[in-house]
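Colleague: I have a model open on my screen and would like a close look at one part of it. Could you take me through a single strand, then place that strand in the rest of the fold?

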Protein chains: 2
Amino acid sequence: MQHQESGWSVGLDIGGTKTLAVLLDPSGTPSGQVRLPTERGAEAVVDTAATAAAQLLTRADLTADDLTGIGIGLPGIVDPVGGRVEHAVNLGIESGVPLAEEVSGALAARLNGRGGSRPVPVRLENDLNAAALGAAHLRGEGGGDLAFLALGTGLAAGLVLDGRLHRGVGGAAGEIGHLVYQPGGRPCPCGQRGCLEQYASGTSLRLAWPGPGDRPAPVALFEAVAAGDEAALAVQREFADAVAAAVRVLLLTADVAHVVIGGGVSELGAPLLQVVRERLDHSARESGFLASMRMAERVDLAPHGVPVGAVGAALVGRKES
Amino acid sequence: MQHQESGWSVGLDIGGTKTLAVLLDPSGTPSGQVRLPTERGAEAVVDTAATAAAQLLTRADLTADDLTGIGIGLPGIVDPVGGRVEHAVNLGIESGVPLAEEVSGALAARLNGRGGSRPVPVRLENDLNAAALGAAHLRGEGGGDLAFLALGTGLAAGLVLDGRLHRGVGGAAGEIGHLVYQPGGRPCPCGQRGCLEQYASGTSLRLAWPGPGDRPAPVALFEAVAAGDEAALAVQREFADAVAAAVRVLLLTADVAHVVIGGGVSELGAPLLQVVRERLDHSARESGFLASMRMAERVDLAPHGVPVGAVGAALVGRKES
């Protein structure tokens with residue numbers, strides 16, 4: 001990432017259930033956070049985004065003129081140049097919505113007298129791309145190579161290569177969840193069978209280990225393993241093997257320095273990292289070639305308690321993407 | 001690729017059996033070729049490289065001072081900065097050899113009076129990386145994204161992303177031949193089982209279709225298919241499915257605009273391209289997601305009769321990498 005002269009910026013990570021917003025000071029340090037529930041539909045999404053940005057400015061006693069820009073990371077098909085989003089199914093947005101322009105307008109209306117002399121530029125980015133930028137920034141790796149591997153509803157990655165976001169020609173870079181992992185295996189909504197996503201996502205974990213229902217499936221599974229449940233151990237190993245396969249795809253194709261695991265399942269923390277590393281070490285024991293790539297030590301977790309996606313979005317807001 | 005002010009350059013593609021050399025004029029157009037047999041061992045490799053470069057200069061009536069530089073693409077572990085190569089098993093080079101410096105010296109000695117006033121700078125690059133650069137250059141895609149997928153002794157790719165060579169942090173980008181394709185499948189010398197390379201390389205074809213021995217295995221196989229041999233058809237389909245899987249890895253991970261198939265097997269030409277495209281279309285028929293990526297039309301063959309690797313090496317020689 002080139003660190004150009006910048007003022008303050010706001011980053012928003014708009015997910016299916018919550019919207020995380022962060023204020024980045026001119027040095028690139030997070031200096032304020034807001035968390036709001038996401039409501040469905042374009043109007044509600046715009047409203048929540050403007051509310052979150054206004055709250056951050058008010059708390060820090062800043063005006064819109066202090067902002068270099070606002071960046072928004074969100075799922076779906078994002079047009080970073082035109083500022084439009086479509087097919088963001090989780091957010092209830094189907095047709096093309098000029099989200100950048102609408103958030104800029106809603107923020108100006110909200111700030112009223114303190115809105116500054118010009119509309120704040122708003123830039124959009126795919127949520128995983130934003131998270132990859134944020135993760136690279138937080139590791140302090142200017143010019144680094146890094147993949148952000150999200151284990152959430154699905155499985156996909158964002159790539160920062162040679163210090164720059166790599167979107168791919170059609171924005172599909174990192175869509176490794178639809179590589180076939182088990183030929184003839186579990187059916188995938190994409191139409192194929194055996195897709196990696198059917199074995200290495202939060203959804204796949206929930207299907208493989210549905211109970212008990214009072215806590216998140218990954219937590220229940222790992223607790224059952226700790227209690228000595230053999231069936232749970234088998235499910236955990238199958239999952240960790242699939243995550244390890246995703247890591248190998250990223251390292252053998254793009255040879256990034258680090259794979260940072262994020263997404264909902266990553267809230268398991270150290271125990272998740274440990275089993276994934278164990279499975280990577282297991283395959284390294286049978287292959288000198290894999291061993292030479294030292295994969296286990298190149299995998300890490302996204303930093304805990306830091307909204308990586310929102311930080312990356314703030315970098316997009318100040319055009320570091 | 002940035003096209004900077006450049007003079008002439010020479011590119012050498014040193015393979016296990018032959019050394020191809022090309023002279024690139026200041027506009028980037030190939031304007032002379034030499035082909036010599038490769039002999040094993042560092043001394044012979046240096047000698048052949050210097051001979052080829054000297055022949056190109058003499059024929060074009062140029063001196064060493066007319067050259068911006070010489071680039072050499074070769075298999076093995078290449079240190080582009082230090083100009084050293086090691087573990088180039090096909091060339092009989094095991095320990096680290098300062099090849100760049102030695103070729104520069106050998107060329108000066110060979111040219112004698114016409115050697116110019118300074119040593120010609122020589123730069124090394126991995127052969128697949130050089131081929132990817134050459135393929136992007138020959139397609140006329142400044143700033144393009146492209147993977148060069150080599151179907152040769154093994155299976156690997158070189159990547160040009162956002163117009164620049166992507167080597168990866170350890171030089172392992174594109175090593176997709178060692179992703180597992182068939183869990184528990186054919187043993188691979190790397191120590192794993194079911195590696196993609198065991199299904200989608202020239203070696204795998206030769207093992208699956210050994211006879212008749214009077215012509216290259218890929219040619220014999222495709223002739224047998226054309227003659228209606230059912231067993232040959234099954235082998236051809238298994239091979240094409242594996243190549244299609246390699247294409248999907250490259251497109252779903254890096255989302256390059258084009259995958260260009262090269263390597264020895266690509267000499268089959270159009271019939272190879274046709275079966276690979278057919279298998280990609282086959283999987284697109286079962287998956288709307290894959291269909292949306294229009295993979296079949298993004299696959300192409302390396303241009304016939306043009307030494308793609310040597311052209312790319314010449315670009316390395318004038319520092320466009």
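Chain A has 9 helices and 12 strands, and the one I am curious about is strand S8 (residues 146-151) of chain A. Which strands does S8(A) pair with, and is S8(A) buried or exposed?

Modeller: Happy to. Please keep in mind that this is a predicted model.

Let us begin with how S8(A) is covered. Of its 6 residues, 6 are buried. Here a residue counts as buried if 20 or more other C-beta atoms lie within 10 Å of its own. You can check this face by face: Leu146(A), Phe148(A) and Ala150(A) are buried on one side, and Ala147(A), Leu149(A) and Leu151(A) are buried on the other. Both faces of S8(A) are therefore covered.

Now for its partners. Strands of a sheet pair through backbone hydrogen bonds, either parallel or antiparallel. S8(A) offers an example of each sense. With strand S9 (residues 155-161) of chain A, the pairing is antiparallel and runs over 6 bridges. S8(A) and S9(A) make a hairpin, with 3 residues between them. To find the register on your screen, look for Ala150(A), which stands opposite Ala156(A) in S9(A). With strand S11 (residues 258-262) of chain A, S8(A) runs parallel, and 5 bridges join the two. A good marker for this pairing is Leu149(A), whose bridge partner in S11(A) is Ile261(A).

From S11(A) we can step back along the chain. Helix H6 of chain A covers residues 230-253. The 24 residues of H6(A) should span 34 Å at 1.5 Å a residue, and the end C-alpha atoms are 35 Å apart, so the two values agree. Just after H6(A), Asp255(A) takes a positive phi of about 50°.

Asp255(A) also takes us across to chain B. Ala173(B) is in contact with Asp255(A), as well as with Thr253(A) and Ala254(A). Within its own chain, and leaving aside neighbours within four places in sequence, Ala173(B) touches Leu159(B), His166(B), Arg167(B) and Gly168(B). Ala173(B) sits in the loop between strand S10 (164-165) and helix H4 (202-208) of chain B. Although it lies in a loop, Ala173(B) counts as buried because it has 29 C-beta neighbours inside 10 Å.

Taking the two chains together, 34 residues of chain B are in contact with 33 residues of chain A. On the chain B side, the elements that give two or more residues are helix H6 (230-253), helix H7 (270-286) and helix H8 (288-292) of chain B. The largest share, 4 residues, comes from H6(B). By class, that side of chain B has 15 nonpolar, 12 polar and 7 charged residues.

Back in chain A, there is also an open sheet of 5 strands, in the order S3-S2-S1-S4-S7 and with mixed pairing. Its edges are strand S3 (30-37) and strand S7 (122-126) of chain A, each pairing on one side only. Neighbouring strands there are turned by 20° against each other on average, direction ignored. Strand S4 (residues 67-74) of chain A runs parallel to S7(A), and 5 bridges join them. In that pair, Leu74(A) stands opposite Asn126(A). Two helices lie across this sheet. Helix H2 (residues 99-111) of chain A crosses S4 and S7 at about 135° to S7(A). Helix H3 (residues 127-138) of chain A lies across strand S1 (8-14), S4 and S7, at about 100° to S7(A).

Another helix worth a glance is H1 (residues 42-60) of chain A, which holds Thr48(A). Thr48(A) is buried because 22 other C-beta atoms lie within 10 Å. Beyond its neighbours within four places in sequence, Thr48(A) is in contact with Thr19(A), Leu36(A), Thr38(A) and Glu39(A).

Finally, here is the chain as a whole. The C-alpha atoms of chain A fill a box of roughly 65 × 40 × 35 Å along the principal axes. A compact globule of 321 residues would have a radius of gyration near 20 Å, and chain A has 20 Å, so the two agree. Buried residues make up 51% of chain A. Among contacts between residues at least 6 apart in sequence, 62% join residues at least 24 apart.

Note on methods. Residues numbered from 1 in each chain as written. Chains lettered and ligands numbered in written order. Predicted model: local features only at pLDDT ≥ 70, side-chain atom pairs only at ≥ 80, totals over all residues. Pairing = 2+ DSSP bridges. Axes fitted to C-alpha atoms, helices over the stretch in contact; angles between N-to-C directions. Contact = placed C-beta atoms within 7 Å. Expected span 1.5 Å × (residues − 1). Rg over C-alpha atoms; globule rule 2.2 N^0.38 Å. Buried ≥ 20, exposed ≤ 12 C-beta atoms within 10 Å, placed from the backbone. Nonpolar A, V, L, I, M, F, W, Y, C, P; charged D, E, K, R; others polar.
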